[in-house]
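Work through the exercises below with the model open beside you. Try each task before reading its solution.

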Amino acid sequence: MSLCLVTGGCGFIGSHLAAALRARGDAVRVLDDLSTGSEANLAPGAELVRGDVADHAAVRAAVEGVDGIFHLAAIASVERGVQDWSGTHRANLSGTIAVLDAARQRRLPVVYASSAAVYGEQAVLPIAEDAPKRPLSAYGADKLGCEQHALVGGLVHGIPSMGFRFFNVFGPRQDPRSPYSGVISIFCDRFSRGEGIDIFGDGGQTRDFVHVSDVVAALLAGMARASTEAPVLNVCTGRATSVLELAETIAAVCGVPAEIRQRPPRAGEIRHSLGDATRLRATLGLGEARGLRAGLEEVVAWL
Ligand code: NAD
Ligand code: UD2
């Protein structure tokens, strides 16, 4: 049994990870400022340290006695990076540097969340890890910065790491009431309450929606593969779904007509995002990702 630190462990993905770690018998310490996460999400038996991941003293104290770090704390929204450039930078990039800095003395392995947002718009789909990185948002630029600092951490300080570029993650416990939340949680919430939804643009934009259980499987497997070469893998399904198709499927799951209002497109919005999962599966030995429809039914049942 080991002790793992999970930053952002009261959030959507972090809470599922913490629960999986507890279920396999690990001790878990969570560092979270509860800004978007909630104490109700804390995995049973996990210890909560309330603090800011960009506060070096708080992070240094939180890593005491731990065997490995899963770093998920961030302001997880492209839109919030548009509204609050400096504030999101502090949490998303300075927070990651604080984690790496705290890991360096004992060379603790760090598994951390990057994002498909590092790729920006790509001409060639699906997107493999070696594709050029052209972030179109502050959020994507900071996530790319996390990857570069992890590389420096390996080269200069001998810190083993593994980064994961999550595509669009969905599942239970993704907060549906925040305007910055993921599209699936918003659409499921609105349709299940008999309300209409807003689609930004024509709805022809596509995303690769990956279930949180597949993300947790990758994170768990990634800890054993952390290395000073700072590898980074996509976490995706290799299946594209348009936002319009998604809305119609969720309406069908909820048994309501799809009432859709078309809104102007979001500024700087990526049109198509589809990941290549070949390297993920080959490196970590993971199977086929979970299907979208079954995952949507689970989210609607959870609400
Ligand atoms: P979330 O908002 O549910 O969870 C983030 C957690 O971090 C919350 O509990 C929040 O309170 C905490 N937090 C935020 N700022 C903090 C700070 N300064 N100090 C301490 N704690 C802080 O988001 P999520 O969807 O679970 O995202 C987890 C990670 O995965 C993030 O790094 C995010 O950027 C990344 N990611 C998410 C997605 C997705 O589709 N959800 C996709 C790509 C990458
Ligand atoms: C980006 C990242 C993702 C993750 C996430 C964190 C890409 C391709 N993906 O997701 O990896 O880091 O940011 O926030 O960079 N939409 C509507 N109506 C709504 C809400 C959303 O039409 O009410 C559309 C939105 O315009 C977009 C799609 O749904 O085309 C997905 O939006 P999102 O906010 O769930 O995530 P996205 O793609 O910005």
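## Exercises on two ligand sites

Ligand 2 is surrounded by 23 residues, and S115, V183, D198, R207 and E269 are the closest of them. Keep in mind that the model is predicted.

**Exercise 1.** Find which atoms of D198, Q205 and R266 lie close to polar atoms of ligand 2, and decide whether each pair is a polar contact.

*Solution.*
Step 1. The cut-off for a polar contact is a pair of N or O atoms within 3.5 Å.
Step 2. In D198 the atom is a backbone N or O, 2.8 Å from a nitrogen atom of ligand 2.
Step 3. Q205 uses a polar side-chain atom, which lies 3.1 Å from an oxygen atom of ligand 2.
Step 4. R266 also uses a polar side-chain atom, 3.0 Å from an oxygen atom of the ligand.
Step 5. Each distance is within 3.5 Å, so D198, Q205 and R266 each make a polar contact.

**Exercise 2.** How much of the area of ligand 2 does the protein bury?

*Solution.*
Step 1. Taken alone, ligand 2 exposes 750 Å².
Step 2. The protein buries 91% of that area.

**Exercise 3.** Which elements and domains supply the shell around ligand 2, and how do its residues divide by class?

*Solution.*
Step 1. Two elements give two or more residues: helix 6 (183–192) and strand 8 (197–200).
Step 2. Strand 8 has the largest share, with three residues.
Step 3. Domain 1 (3–168 + 210–235) and domain 2 (173–208 + 239–273 + 290–302) each provide at least three residues.
Step 4. By class, the shell holds 13 nonpolar, six polar and four charged residues.

**Exercise 4.** Describe the surroundings of ligand 1 in terms of residues, contacts and covered area.

*Solution.*
Step 1. There are 29 residues around ligand 1, of which F12, I13, D32, T36 and Y139 come nearest.
Step 2. Backbone atoms take part at two residues: a polar one of F12 is 2.8 Å from an oxygen atom of ligand 1, and an N or O atom of S35 is 3.1 Å from an oxygen atom of the ligand.
Step 3. T36 uses its side chain, where an N or O atom is 2.7 Å from an oxygen atom of ligand 1.
Step 4. On its own, ligand 1 has 830 Å² of accessible area, and the protein covers 91% of it.

**Exercise 5.** Which element gives the most residues to the shell around ligand 1?

*Solution.*
Step 1. At least two residues each come from helix 1 (12–23), strand 5 (110–115), helix 5 (138–157) and strand 7 (168–170).
Step 2. Strand 5 gives the most, three residues.
Step 3. The shell as a whole has 15 nonpolar, 10 polar and four charged residues.

Technical notes
Residues numbered from 1 in each chain as written. Chains lettered and ligands numbered in written order. Predicted model: local features only at pLDDT ≥ 70, side-chain atom pairs only at ≥ 80, totals over all residues. Heavy atoms only, no water. Near = heavy atom within 4 Å. Polar contact = N/O pair within 3.5 Å; in protein donor to acceptor, adjacent residues only side chain to side chain. Areas by Shrake-Rupley, 256 points an atom, 1.4 Å probe, with all protein chains shown as cover. Helix = DSSP H or I, 4+ residues; strand = E, 2+ residues; numbered from the N terminus. Nonpolar A, V, L, I, M, F, W, Y, C, P; charged D, E, K, R; others polar. Domains from an automatic or database assignment.
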